Amino acid sequence: DSIDAREIFDLIRSINDPEHPLTLEELNVVEQVRVQVSDPESTVAVAFTPTIPHCSMATLIGLSIKVKLLRSLPQRFKMDVHITPGTHASEHAVNKQLADKERPGL
Amino acid sequence: MKDSLVLLGRVPAHPDSRCWFLAWNPAGTLLASCGGDRRIRIWGTEGDSWICKSVLSEGHQRTVRKVAWSPCGNYLASASFDATTCIWKKNQDDFECVTTLEGHENEVKSVAWAPSGNLLATCSRDKSVWVWEVDEEDEYECVSVLNSHTQDVKHVVWHPSQELLASASYDDTVKLYREEEDDWVCCATLEGHESTVWSLAFDPSGQRLASCSDDRTVRIWRQYLPGNEQAHLHQAHSQDVNCVAWNPKEPGLLASCSDDGEVAFWKYQRPEGL
């Protein structure tokens, strides 16, 4: 059974925001339309939207999404978690941290 | 007749984890591998098969990221995310950890022996590069802590014939170091990559330095006094380029590998007239 965007979204929608008593879905930080999957190519791309452009929790939120996917998906999948373009002041720096495969915990 | 690459064998070297690095010993008879299972394995041939000759398992508490053989082939150094570097001494098929080098504040990313065998370099996520001296009694002493990079240092490599050290970093640069008047100093910074530089390799002549990066390019650098010049830039792979290696015997033959799972082979030629 091939993995699709809905299945990926179901894995991440209930992750709690670190600061507010709400899930990432409730805060519109993650949306199914911003999830792209290719099962034959074993790739997943998730764009997440921090609630404000200077959100200091952006890296932490990105990591929680990435870790959830790493723990839930088959090892063959290559994960790309990044900030929705134009929605954060330090988008490049945060994306670079999330892409570093030597990062502890990833 | 077409070129071919024939598979000789495949071994489950680091089960349920990632195999991070490989190093052939100078004699070409053994291959050391290391990985996320915190172990180092030494592989050799028995007839037509590749078998595991040793497992070095008591050295590190976390992932072993790189291994490096000393030029004489009697020692193996291992760099680990546990912030230490182990020095293993080979005694026939056995390896014994003779020293553990401490000092880095967090994950050690790379270790490399100078061609003389008397110097060792390590680098870390703590942004520093350390130079160590080894004496005749196998005692190690840190002789320099270099804080030139502004981010995680991913790789260090020595020039094949000079005491010149190169480092690659998350800060997108390559830096070169040499000893000047008894002090190690950063003598050059190579800028051009647009993202993390993961690895470096000098060609056997030492005249070219290849670097590879998260920006998906391989760049070839040539020394051009008084500064340095980027000789060539190539879009190498569709994902992160993790490693570049020059063939030790055939000039201009370069291999690169990537997160896209591929190894690419390149022929580098200096343009006529330059």
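Me: Why is A:D100 called buried?
Reply: In this predicted model, A:D100 has a relative accessible area of 9%. Buried means under 20%, so A:D100 is classed as buried.

Me: What makes the pair of B:K154 and A:D100 a salt bridge?
Reply: The closest N and O atoms of B:K154 and A:D100 are 2.9 Å apart. The criterion is a side-chain nitrogen of Lys or Arg within 4 Å of a carboxyl oxygen of Asp or Glu, and the pair therefore qualifies. B:K154 belongs to strand β13 (residues 153-158) of chain B, whereas A:D100 lies in the segment after α3 of chain A, so this salt bridge joins two chains.

Me: Is B:K154 buried or exposed?
Reply: The relative accessibility of B:K154 is 1%. Since the cut-off for buried is under 20%, B:K154 counts as buried.

Me: Which residues are linked with A:D100 and B:K154 in a network of salt bridges?
Reply: The network also contains A:E102, B:R65, B:K109 and B:D152.

Me: How do you know that A:K101 and B:D240 form a salt bridge?
Reply: Their closest N and O atoms are separated by 2.9 Å, and the rule asks for a separation within 4 Å; the pair is therefore counted. This salt bridge crosses between chains, running from A:K101 in the segment after α3 of chain A to B:D240 in the loop between β20 (227-235) and β21 (241-246) of chain B.

Me: What are A:K101 and B:D240, buried or exposed?
Reply: A:K101 has a relative accessibility of 13%, and B:D240 has 9%. The limit for buried is under 20%, so A:K101 counts as buried and B:D240 does too.

Me: How many salt bridges and polar contacts are there between chain B and chain A?
Reply: The count is 6 salt bridges, together with 9 residue pairs in polar contact. On the side of chain B that touches chain A, 11 residues are charged, 4 are polar and 4 are nonpolar. Over all chains, the count of salt bridges comes to 18.

Me: What is the area buried between chain B and chain A, and which residues of chain B lose the most?
Reply: About 1200 Å² is buried between the two chains, and carbon and sulfur atoms give 41% of that area. In chain B, the residues that lose the most area to chain A are B:Y170, B:W198 and B:D259, which together account for 35% of what that side buries. In terms of contacts, 19 residues of chain B meet 8 residues of chain A.

Me: What makes A:D10 and A:R6 a salt bridge, and where do they lie?
Reply: Their N to O distance is 3.1 Å; the limit is within 4 Å, and the pair therefore meets the rule. Both residues lie in helix α1 of chain A, 4 residues apart, which is about one turn of the helix. An α-helix has 3.6 residues a turn, so residues three or four places apart point the same way.

Me: Why are A:D10 and A:R6 called partly exposed?
Reply: A:D10 has 35% relative accessibility, and A:R6 has a relative accessible area of 44%. The class of partly exposed lies between under 20% for buried and over 50% for exposed, so A:D10 is placed there, as is A:R6.

Me: Why is A:T59 called buried, and what does A:T59 touch?
Reply: The relative accessible area of A:T59 is 19%. The threshold is under 20%, so A:T59 falls in the buried class. Not counting residues up to four places away in sequence, A:T59 touches A:V94, A:Q97, A:L98 and A:R103. A:T59 itself lies in helix α2 of chain A.

Me: What covers the buried residues of α2(A)?
Reply: The cover includes α1 (5-12), β2, β3 and α3 of chain A. The buried residues of α2(A) include A:I61, A:L63, A:I65 and A:L69. In α3 of chain A, the buried residues are A:V94, A:K96 and A:L98, and the buried residues of α3(A) pack against β2 (43-48), α2 (58-72) and β3 (78-83).

Me: Why is B:G73 called buried?
Reply: B:G73 has a relative accessible area of 12%; buried means under 20%, so B:G73 is assigned to that class. B:G73 is found in the loop between β5 (64-69) and β6 (75-80) of chain B. Leaving aside neighbours within four places in sequence, B:G73 is in contact with B:P26 and B:K90.

Terms used:
Residues are numbered from 1 along each chain as its sequence is written. Chains are lettered from A and ligands numbered from 1 in the order in which they are written. This is a predicted model: local features need pLDDT of at least 70, side-chain atom pairs count only at pLDDT 80 or more; totals for chains, interfaces and linings use all residues. Side-chain values use heavy atoms; hydrogens and water are left out. Contact means heavy atoms within 4.5 Å. Buried area is the accessible area (1.4 Å probe) that two parts lose on being put together, summed over both. A polar contact is a pair of N or O atoms within 3.5 Å; within protein, one must be able to donate a hydrogen and the other to accept it, and residues adjacent in sequence count only if both atoms are side-chain atoms. Ala, Val, Leu, Ile, Met, Phe, Trp, Tyr, Cys and Pro count as nonpolar, Asp, Glu, Lys and Arg as charged, and the others, Gly among them, as polar. Buried means under 20% relative accessible area, exposed over 50%, partly exposed in between (1.4 Å probe, protein chains only).
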